[in-house]
Amino acid sequence: MFLGAAVLVALLFFGFIALAMGLSDSAPQETSSTLDVTLNEFSIGGQLTAPAGDVNLRLKNDGNAVHNIVARDLALGSGDIGPGGSGELALGNLAAGSYQIFCNIAGHEASGMVTDLVITAGVYAWSGFEVT
């Protein structure tokens with residue numbers, strides 16, 4: 001009887017510890033990323049990789065001409081940003097993959113203002129533990 005009670009107490013204890021650590025929660029948490037992207041004659045630079053999830057671009061025009069950003073396959077664009085200006089573009093919840101972004105001002109894409117935004121499989125977090 002004592003052995004059975006000890007086993008029951010041990011099972012309850014370890015079950016509580018697993019629950020407290022969140023190991024029983026197997027659902028990944030949603031990630032949200034804001035990437036800093038610079039626009040210049042004639043390049044798009046900055047942080048161009050993010051985990052899957054909600055992705056936003058924080059845009060800064062460091063050039064001397066008007067620029068913008070369009071995500072080709074998503075049919076989303078920032079609108080024009082004047083020299084020294086800034087803007088944002090919310091891309092929404094993106095799955096892992098590669099998304100082409102470019103400047104839609106006449107001649108800018110052909111001059112090199114095109115690149116890929118790479119969305120990785122993501123980071124999963126369980127109460128302090130991260131698994132990639």
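Visitor: Why is Asn56 called buried?
Guide: Buried means under 20% relative accessible area, exposed means over 50%, and partly exposed lies in between, with a 1.4 Å probe and protein chains only. Asn56 has a relative accessible area of 18%, so Asn56 counts as buried. Before we go on, please note that this is a predicted model, where local features need pLDDT of at least 70, side-chain atom pairs count only at pLDDT 80 or more, and totals for chains, interfaces and linings use all residues. Residues are numbered from 1 along each chain as its sequence is written, and side-chain values use heavy atoms, with hydrogens and water left out.

Visitor: What does Asn56 touch?
Guide: Contact means heavy atoms within 4.5 Å. Not counting residues up to four places away in sequence, Asn56 touches Ser32, Ser33, Thr34, Leu35, Leu89, Ala90 and Leu91. Asn56 itself is found in strand S4.

Visitor: What makes S4 a strand?
Guide: Helices (H or I, at least four residues) and strands (E, at least two) are DSSP runs, numbered from the N terminus. The protein has 1 helix and 11 strands, and from the N terminus on the order of elements is α-β-β-β-β-β-β-β-β-β-β-β.

Visitor: Thr34 was on that list of contacts. Why is Thr34 called partly exposed?
Guide: The relative accessible area of Thr34 is 38%, which falls between the two cut-offs, so Thr34 is partly exposed. Thr34 sits in strand S1. Its contacts, leaving aside neighbours within four places in sequence, are Gln47, Asn56 and Arg58. Thr34 and Leu89 are 55 residues apart in sequence, and their C-alpha atoms are 9.6 Å apart in space.

Visitor: And why is Ala75 called exposed?
Guide: Ala75 has a relative accessible area of 69%, and the cut-off is over 50%, so Ala75 is exposed. Ala75 lies in the loop between S5 and S6.

Visitor: What makes the phi of Ala75 worth a look?
Guide: Phi of Ala75 is near 55°, a positive value in a residue other than glycine. Most residues other than glycine have a negative phi, and most peptide bonds are trans. On the second point, the peptide bond from Glu41 to Phe42 is cis, with omega near -20°. Phe42 is in the loop between S1 and strand S2 (43–46).

Visitor: How do you know that S5 and S6 pair?
Guide: Two strands pair if DSSP finds at least two bridges between them. Strand S5 (residues 70–71) and S6 have 2 bridges, in the antiparallel sense, so they pair. Val70 stands opposite Gly77 in S6.

Visitor: What makes S3 and S6 edge strands?
Guide: Here 5 strands form an open sheet with mixed pairing, in the order S3-S9-S8-S5-S6. Strand S3 (49–51) and strand S6 (76–77) are the edge strands, as each pairs on one side only.

Visitor: What makes a set of residues a nonpolar core?
Guide: The set must hold buried Ala, Val, Leu, Ile, Met, Phe, Trp, Tyr and Cys residues joined through side-chain atoms within 4.5 Å. The largest such core has 21 residues, of which Val55, Leu57, Ile69, Leu91 and Leu117 touch the most other members. Strands S1 (32–40), S4 (53–61), S7 (86–94), S8 (97–102) and S9 (114–120) each give two or more residues to this core.

Visitor: Which residues is Leu117 in contact with?
Guide: Leaving aside neighbours within four places in sequence, the contacts of Leu117 include Leu35, Val55, Leu91 and Ile101.
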